[in-house]
Amino acid sequence: NGNFSAFNADPTQRFGMLSHPAFLTTVAGEVSSGIVRRGVYALEQLLCHHLGNPPADISGVPNLPANWDPSRVSSREELRVAHSSQASCMGCHQKIDPAGFGFENYNTFGQFRMFEKGNIPIDSSGSITGVGHSALNFSDSVSYLQALANSGTMRQCMEKRFFKYVSGETHETVSGQCEFSNFEYQKAQKGESIQALIES
């Protein structure tokens with residue numbers, strides 16, 4: 001009937017816009033939750049950590065153990081085995097995969113879940129290291145989103161993206177970096193509030 005009403009999401013299942021099904025579906029895989037795709041998005045778009053291009057010597061076919069049945073293990077374990085089979089994969093995936101594991105309590109459509117593939121328990125815990133100021137440690141998807149929200153790295157990344165948007169910068173330049181440093185200084189003088197700086 002076109003009428004909308006607000007509702008309170010379960011705080012043990014949702015935290016902020018990054019747990020909204022509309023967002024989660026956009027960054028999911030076509031037939032899976034998309035651990036790698038969500039992980040790459042989190043690193044590059046939320047934490048401003050540039051991953052670069054994959055190594056040229058990566059094979060499209062991982063060397064899997066004999067009698068390997070992916071339907072009997074979690075997607076997390078499936079990725080661990082696939083990526084550990086090629087040494088050139090591990091450098092990036094040690095960062096990418098944990099950043100995607102944090103979203104694993106949400107399926108392809110953003111529905112909250114505790115199990116996948118029938119009755120295989122979801123493990124959405126992890127730690128992201130070597131990205132930004134400090135490690136991000138989390139025990140499940142909600143604590144992952146809370147860790148992101150409290151991360152100085154994510155805050156600075158969002159500020160940088162906001163600055164580039166309002167300044168019209170389309171790529172990194174020396175002048176742009178200097179202007180952003182000045183923006184950071186002014187923001188600090190205003191009490192670390194972007195809103196206060198905008199309103200001044």
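Phe-23 is buried, and Phe-103 is buried as well. This is a predicted model, and these two rings are a useful place to enter it. Phe-23 and Phe-103 form an aromatic pair, with 6.2 Å from centre to centre and 55° between the planes, which makes the pair tilted. The pair links distant parts of the chain: Phe-23 belongs to helix H1 (residues 21–26), while Phe-103 is in the loop between helix H4 (87–101) and strand E1 (115–116), 80 residues apart.

A second pair is made by Tyr-106 and Phe-112, whose ring centres are 6.0 Å apart. With 70° between the planes, Tyr-106 and Phe-112 are arranged edge-to-face. Tyr-106 counts as buried because its relative accessibility is 0%. Phe-112 has a relative accessible area of 23%, so it is partly exposed. The whole structure holds 5 aromatic pairs. Ring pairs also link Phe-23, Tyr-41, Phe-103, Phe-138 and Tyr-144 into a cluster. One further ring has a charge as its partner: the charged end of Arg-76 sits over the ring of Phe-101, at 4.1 Å from the ring's centre.

Tyr-144, a member of the ring cluster, leads to helix H5, where it is among the buried residues. Helix H5 spans residues 141–149, and 7 of its 9 residues are buried, so the helix is largely enclosed by the rest of the structure. The buried residues are Ser-141, Val-142, Ser-143, Tyr-144, Leu-145, Ala-147 and Leu-148. What do the buried residues of H5 pack against? Their partners are helix H2 (35–46), H4, strand E3 (126–128), strand E4 (136–138) and helix H6 (152–167). The N-terminal end of H5 is capped by Asp-140, which has a side-chain oxygen 3.2 Å from the backbone nitrogen of Val-142.

The chain between H2 and helix H3 (75–84) forms a loop, and His-49 is found there. His-49 counts as buried because its relative accessibility is 18%, below the 20% limit for that class. The side chain of His-49 makes a polar contact of 3.4 Å with the side chain of Lys-95. Lys-95 also appears in the list of residues in contact with His-49 once neighbours within four places in sequence are left aside. That list also includes Leu-43, Glu-44, Gly-130 and Val-131.

Cys-48 lies in this loop too, and Cys-157 lies in helix H6. Cys-48 and Cys-157 are joined by a disulfide, with 2.0 Å from S to S. A search of the whole structure finds 1 disulfide. Because Cys-48 and Cys-157 sit in these two places, the disulfide ties together parts that are 109 residues apart in sequence. The torsion about the S-S bond is about 75°, so the disulfide is right-handed. Are Cys-48 and Cys-157 buried or partly exposed? Cys-48 is partly exposed because its relative accessible area is 33%, whereas Cys-157 is buried, at 2%. Another cysteine, Cys-92, has a relative accessible area of 28% and is therefore partly exposed.

Charged residues come next. Side chains of opposite charge can pair when their charged atoms come close. The structure holds 4 salt bridges. One of them joins Arg-80 to Glu-77, with the closest N and O atoms 2.8 Å apart. Both residues lie in helix H3, 3 residues apart, about one turn of the helix. Arg-80 counts as partly exposed because its relative accessibility is 47%, and Glu-77 counts as partly exposed at 28%.

Helix H3 also takes part in a salt bridge through Glu-78, whose side chain meets that of Lys-117 at 3.1 Å, N to O. This pair links distant parts of the chain, since Glu-78 is in H3 and Lys-117 is in the loop between E1 and strand E2 (120–121), 39 residues apart. Glu-78 has a relative accessible area of 29%, so it is partly exposed. Lys-117 has a relative accessible area of 35%, so it is partly exposed.

Glu-104 and Arg-113 form a salt bridge as well, and their closest N and O atoms are 3.3 Å apart. Where the residues of the two H3 bridges just described are partly exposed, Glu-104 and Arg-113 are both buried.

Terms used
Residues numbered from 1 in each chain as written. Heavy atoms only, no water. Phe/Tyr/Trp six-rings, centres within 6.5 Å; stacked < 30°, edge-to-face > 60°. Helix = DSSP H or I, 4+ residues; strand = E, 2+ residues; numbered from the N terminus. Buried < 20%, exposed > 50% of the residue type's maximum accessible area, 1.4 Å probe, protein only. Lys NZ or Arg CZ within 6 Å of the ring centre and 35° of its normal. Contact = heavy atoms within 4.5 Å. Polar contact = N/O pair within 3.5 Å; in protein donor to acceptor, adjacent residues only side chain to side chain. Disulfide = S-S within 2.5 Å.
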